[in-house]
Amino acid sequence: MPPGSNDGAALSETVRRIERSAGALATASVSRMDETLPWFRELPADQRAWVMLVAQAGVRSLVEWLRRDGRRPTQDLADEIFDAAPTALARSISLQQTVALVKVTIDVAEEQVAHLAVPGEEAALREAVLRFSREVAFSAARVYARAAESRGAWDARLQALLVDALLRGDSSDVLASRAAALGWADAPPVAVAVGRSPGGEAAAVLHTVYRAARRIGVEIIGGVHGDRLVLVLGGASDPVAATAKLLAGFGAGPVVVGPAVATLDEATESARAALAGFRAAPGWPDAPRPVSASDLLPERALAGDVEARRRLRQDVYGSLVRASGELLETLDAFFAAGGVLEGAARALFVHPNTVRYRLRRVADVTGLSPLTARDAFALRVALTIGRLDPQAPVTQSTT
């Protein structure tokens, strides 16, 4: 007769039998686990001992529930089962493995029903075991959910600290220790992307980008800083293209990707460039999304970014100076003529094809084509910066 009926006392002798057999049931369950679950045999001794405690607590809880005729909520008793083992067990054994352990224990209990139940109570005991095992499974899910929430909250805090250290430019030792705690594999190349956060709980924001990152096979560490979402990407051969697949995690507005570097130790450089580009991005309303921080050098320079000014002066203006004076002269004439080849040719007393050739040389030397409006803007800014600081060295930059 099922627990909870008016004749619940009919199971009293069965309950006493189960109580006397509690130790044997737990031992038999663990032995069956050892026989049927290869991964269980490989567990360290302390974790096997924890499983034994859980099995014993399970039998005690079943006895208590039957003794009280099912009047005490099953959930309370089921939750107590997992109090016998430390929370660390949830990090050592997966939920799927825990379900397998519960199933083995229930199978052993069901096999013993004929010996444990007094005659006529076999069906009632079998039903009670099945009802209780269902609650045990639900309780296991709750234990793992709480552990996941706790671990997720801790990981989110640790990631926020790592990103904060990265933005501050802390030592590589600090970055390495925090990254190691998060299981970061430091797969090259590494790059930093910055954009607006969509708002809401940081954990929910990061969950969205983590899920997208897993789909494309990219390592990721993220943090929400104020209204900004900062992501560290690892293992993406093209960080800009990879970030484009993570845009669903960002809020509205520009998303800027810093240059790729070899390791997390060097990612401060990428973070600085991405942040500088994010601040300067409003100066280029039609910028692609995401956009490389290097493509925002003119806006960054105008916004006061020292590194952007240095790169434009050395890599662009310096390259033109080292190439030949005629390239600078041709650029000046081309810009003065409003971008008209024939006008520049007349001012220089050369054939238009000569101007066209020299402009191609400018593109080869600097990577910027004067015939493209965007590149022409960058070239003009670079010329202005170079001439405003004529005493600065114009040796080739290694950045």
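User: In this predicted model, is the crossing of α15 and α18 left-handed or right-handed?

Analyst: The model is predicted, and the handedness describes how one helix passes the other. Helix α15 covers residues 306–323 and helix α18 covers residues 352–366. The way α15 passes α18 is right-handed.

User: Which word describes how α15 and α18 are oriented to each other?

Analyst: Two packed helices are described by the angle between their axes and the distance between the axes. Here the axes lie 9 Å apart, and the angle is about 125°. Angles over 145 degrees count as roughly antiparallel and those from 65 to 115 as roughly perpendicular. The two helices α15 and α18 are therefore oblique.

User: How many nonpolar residues does the contact of α15 with α18 have?

Analyst: From α15, the residues V316, S319, L320 and A323 take part, and they meet R361, V362, V365 and T366 of α18. By class, this contact of α15 with α18 has one charged residue, two polar residues and, for the nonpolar class, five.

User: Which residue is the bridge partner of V194 in β3?

Analyst: Strand β1 (residues 190–196) and β3 run antiparallel and are joined by seven bridges. In β3, V194 is partnered by V230.

User: Which residue in β3 stands opposite I220?

Analyst: Strand β2 (residues 219–225) also runs antiparallel to β3, with seven bridges between them. The hairpin of β2 and β3 has two residues between the strands, and G226 there has a positive phi near 65°. Opposite I220, in β3, stands L233.

User: How many residues of β3 are buried?

Analyst: Strand β3 spans residues 228–234 and is mostly covered. Buried means under 20% relative accessible area. Of the seven residues in β3, the number buried is six.

Key: Residues are numbered from 1 along each chain as its sequence is written. This is a predicted model: local features need pLDDT of at least 70, side-chain atom pairs count only at pLDDT 80 or more; totals for chains, interfaces and linings use all residues. Side-chain values use heavy atoms; hydrogens and water are left out. Axes are lines fitted to C-alpha atoms, for helices over the stretch in contact, and angles run from 0 to 180 degrees between N-to-C directions. Helices (H or I, at least four residues) and strands (E, at least two) are DSSP runs, numbered from the N terminus. Angles under 35 degrees count as roughly parallel, over 145 as roughly antiparallel, 65 to 115 as roughly perpendicular and the rest as oblique. A crossing is left-handed if the near helix is turned anticlockwise from the far one by less than a right angle, and right-handed if clockwise. Contact means heavy atoms within 4.5 Å. Ala, Val, Leu, Ile, Met, Phe, Trp, Tyr, Cys and Pro count as nonpolar, Asp, Glu, Lys and Arg as charged, and the others, Gly among them, as polar. Buried means under 20% relative accessible area, exposed over 50%, partly exposed in between (1.4 Å probe, protein chains only). Two strands pair if DSSP finds at least two bridges between them.
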